[in-house]
Amino acid sequence: MTDGAILEGWIPEIGPRLSLAEVVEKAFDYRGNVTLILNDGSETEGYLFNRNADAPVPFVQLFDVNGAGPHTISYREIRTIRFTGRDTAAGNSYAAWLRAKEAAKAADRPEKGSGSTPPRGV
Amino acid sequence: MSLPVSQMWAVASYVVRQKLAGRKRYPLVLMLEPLFRCNLACAGCGKIQYPAQILRKNLTVEQCLAAADECGTPVVSIPGGEPLMYPDIGRLVKELVARRKYVYLCTNAILLKEKLEAGLFTPSKYFSFSVHLDGLQDEHDQAVCRDGVYVQAVEGIKEALRRGFRVTTNSTLFDGASPLRMREFFDEMMDLGVEGMMISPGYSYSKAPDQEHFLRTQRAHDLFSRILSNPKRRWRFNQSPLFLQFLMGKQEFECTPWGNPTYNVFGWQRPCYLLQEGYAATFQELLETTRWENYGKRSGNEKCRDCMVHCGYEPTAVNHTFGSWRGFRDTVAATVSGRF
């Protein structure tokens, strides 16, 4: 599993020991929504799906919580990033499936239909 | 190999044209993901773990066609997500077929019978359903974490075949797979009447729910050798015999990450179908700005170390076939003899 479970809810402090670029990389790898806190005090929440630290003006790209975008925001506009959304890669559905299978085996009964994972998406 | 002659000719002439043009890097199969939404949550899949607003998104048909035109591959594979949940799947396939692209619609087939009965598709030599089946009933239902899916998929396959569609299967193998059961599975698929089968080891997605059963290289060689070393004449595979030899450890190949470029709601995925290290706005940008030297076994990249997945190595096998006399000879020999 990733370190997503640790990142969920994380509010990093950007400073000498933790750079914005490092936090951006964590946010890029995170499979949940994040909230960008901008230098002007505004906030943007969404899924950060791309970043380019090597571009002449380094930027991130995200789709907001309504799915609108992609919004492109330069690194220099960002104060910090909060990991506000649920980590969708936390593996809960698979763990639930395994538990259901094990329980069915233990009870020695047919488990048809008892352990199906919920469909993804909406 | 079970590919129709027209498809083999289309791929062969395309590859030769690329070589004559002196193109060092050329794509072979476009992996077109019009959505990430899926009606399953399989243990080994790292493709669908996204927040709701991303799972709700669809590419437009026009975006899909522009991507196909831009990269120009003779073959377009439509995975996802589940493509049969894409609202415009019928129109997308029709438009791609009109462009004479060989289209593989990769589906879990849960909705296949329903969509066929709705008249969404027309049989064509350019169009094939590629049904995801990771083995016989017990193994497949375990892999997709839901009972009954194998039976639904087989019903869908039968209906598609009855209506005159091309049908292939694609199977992902994980550690612990039984060679004997896989051979029984091949027999069963041939009995069903599918055109051909595709097999590949799973990629160790860091986001996949099950992290314990991905195959490492030597174990993959052992497994595929036991499955394929004494193949039955009746088995037909819809993939390069050199790739199957590679899976058995009989060919040394390097990855061709640009061979199966991936386009989805985020853009052109860097560097390949499996790794997500960023996105490019255009295919040209993907080709020109991706640091290709950072990928493949020789790069030392840990994420590539045990990868033997078809999307990276099948293009290598095809390139080898048309890039050397030895490759051509080995391909012909395997095709004629039916042995790998």
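**Exercise 1. Helix 1 of chain B**

Find the residue that follows helix 1 of chain B and give the sign of its phi. Then check the length of the helix and say how far it is covered.

Solution. The model is a predicted one. Helix 1 of chain B is followed by B:Gly22, and the phi of B:Gly22 is positive, near 75°. For the length, start from the 16 residues of helix 1 (residues 5-20) of chain B. The expected span is 1.5 Å times one less than the number of residues. At 1.5 Å a residue, helix 1 of chain B should therefore span 22 Å, and its end C-alpha atoms are 22 Å apart, which agrees. As for cover, a residue is buried if 20 or more other C-beta atoms lie within 10 Å of its own. Among the 16 residues of helix 1 of chain B, the count of buried residues is one, and the helix is hardly covered.

**Exercise 2. The sheet of chain B**

Work out the strand order of the nine-stranded sheet in chain B, its edges, and what packs on it.

Solution. The sheet is open, its order is 6-5-4-3-2-1-7-8-9, and its pairing is mixed. Strand 6 (196-201) and strand 9 (276-280) of chain B are the edge strands, each pairing on one side only. From one strand to the next the twist averages 30°. Now take one pair: strand 1 (residues 29-32) and strand 2 (residues 75-78) of chain B run in the parallel sense, with three bridges. Within strand 2 of chain B, B:Val76 is the residue opposite B:Leu30. Helix 4 (residues 89-98) of chain B packs on the sheet and touches strand 2, strand 3 (102-107) and strand 4 (127-132) of chain B. The direction of helix 4 makes about 155° with that of strand 3 of chain B.

**Exercise 3. B:Leu30 and the core**

Place B:Leu30 in the largest nonpolar core and list contacts of this residue.

Solution. The largest nonpolar core has 124 residues, and B:Leu30 is among those with the most contacts inside it, with B:Leu32, B:Ala68 and B:Val103. Helix 3 (residues 61-71) of chain B gives the most to this core, six residues. Setting aside neighbours within four places in sequence, the contacts of B:Leu30 include B:Ala67, B:Ala68, B:Cys71, B:Val76 and B:Tyr263.

**Exercise 4. The sheet of chain A**

Identify the edges of the five-stranded sheet in chain A.

Solution. This open sheet has the order 4-3-2-1-5 and antiparallel pairing. Strand 4 (71-74) and strand 5 (78-82) of chain A each have a single partner strand, so one side of each has no neighbour in the sheet. Strand 3 (residues 59-64) and strand 4 of chain A pair over four bridges, and A:Leu62 has A:His71 as its bridge partner.

Notes:
Residues numbered from 1 in each chain as written. Chains lettered and ligands numbered in written order. Predicted model: local features only at pLDDT ≥ 70, side-chain atom pairs only at ≥ 80, totals over all residues. Pairing = 2+ DSSP bridges. Helix = DSSP H or I, 4+ residues; strand = E, 2+ residues; numbered from the N terminus. Axes fitted to C-alpha atoms, helices over the stretch in contact; angles between N-to-C directions. Contact = placed C-beta atoms within 7 Å. Buried ≥ 20, exposed ≤ 12 C-beta atoms within 10 Å, placed from the backbone. Core = buried A, V, L, I, M, F, W, Y, C linked by C-beta atoms within 7 Å.
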